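Reader: I should like to learn how to read this structure. Might we begin with a single side chain and then proceed to the sheet?

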Amino acid sequence: MEQVLRDRLTAAFPAWGLRGEELGEQDRAPAAGETHLWLLDPNDGTSAMQAGFRGAAISIALIRDDAPVLGVVYAYAAPD
């Protein structure tokens, strides 16, 4: 999932930086003069999920000038 998110966000915002939880070797800083940075966690709640609990989620944040401006949590495995 992280690779899909990276590919789509990079295509839409090529100058913005990106940092992810699982594929850190692909992280990149924002281009010169740019202040946006995406933060990705494609499986937020990994240890709880591995212990058999439901509730894992995909978490995405956008930072601009070192301040959060957007946060999205998609709780695909939330309990009913």
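Author: Let us begin with a polar contact, which is a pair of N or O atoms within 3.5 Å; within protein, one must be able to donate a hydrogen and the other to accept it, and residues adjacent in sequence count only if both atoms are side-chain atoms. Here the side chain of Glu2 reaches the backbone nitrogen of Glu22 at 2.8 Å. The model is a predicted one, in which local features need pLDDT of at least 70 and side-chain atom pairs count only at pLDDT 80 or more, while totals for chains, interfaces and linings use all residues. Residues are numbered from 1 along each chain as its sequence is written, and side-chain values use heavy atoms, with hydrogens and water left out.

Reader: Is Glu2 buried or exposed?

Author: Buried means under 20% relative accessible area, exposed over 50%, and partly exposed in between, with a 1.4 Å probe and protein chains only. Glu2 has a relative accessible area of 3% and is therefore buried. In the protein chain, buried residues make up 29% of the 80 residues.

Reader: With which residues is Glu2 in contact, leaving aside its neighbours within four places in sequence?

Author: Contact means heavy atoms within 4.5 Å. On that basis Glu2 touches Gly20, Glu21, Glu22, Leu23, Leu40 and Pro42.

Reader: Where is the place of Glu2 among the helices and strands?

Author: Helices (H or I, at least four residues) and strands (E, at least two) are DSSP runs, numbered from the N terminus. Glu2 lies in helix 1, residues 2-12. The protein chain has 2 helices and 4 strands, and its elements run α-β-β-α-β-β from the N terminus on.

Reader: What is the order of the strands in the sheet?

Author: Two strands pair if DSSP finds at least two bridges between them. The sheet is open, with 4 strands in the order 1-2-3-4 and mixed pairing. Strand 1 (17-20) and strand 4 (67-74) stand at the edges with a single partner strand each, so one side of each is left without a neighbour in the sheet.

Reader: How many bridges join the strands?

Author: Strands 1 and 2 run parallel and are joined by 4 bridges; Gly17 has Leu37 of strand 2 as its bridge partner. Strands 2 and 3 run antiparallel, with 7 bridges, and Leu37 is partnered by Ile63 in strand 3. Strand 3 (residues 57-64) and strand 4 are antiparallel over 7 bridges, where Ile58 has Tyr74 as its partner.

Reader: Why is strand 2 described as largely enclosed?

Author: In strand 2 (residues 36-44), 7 of the 9 residues are buried, so the rest of the structure largely encloses this strand.
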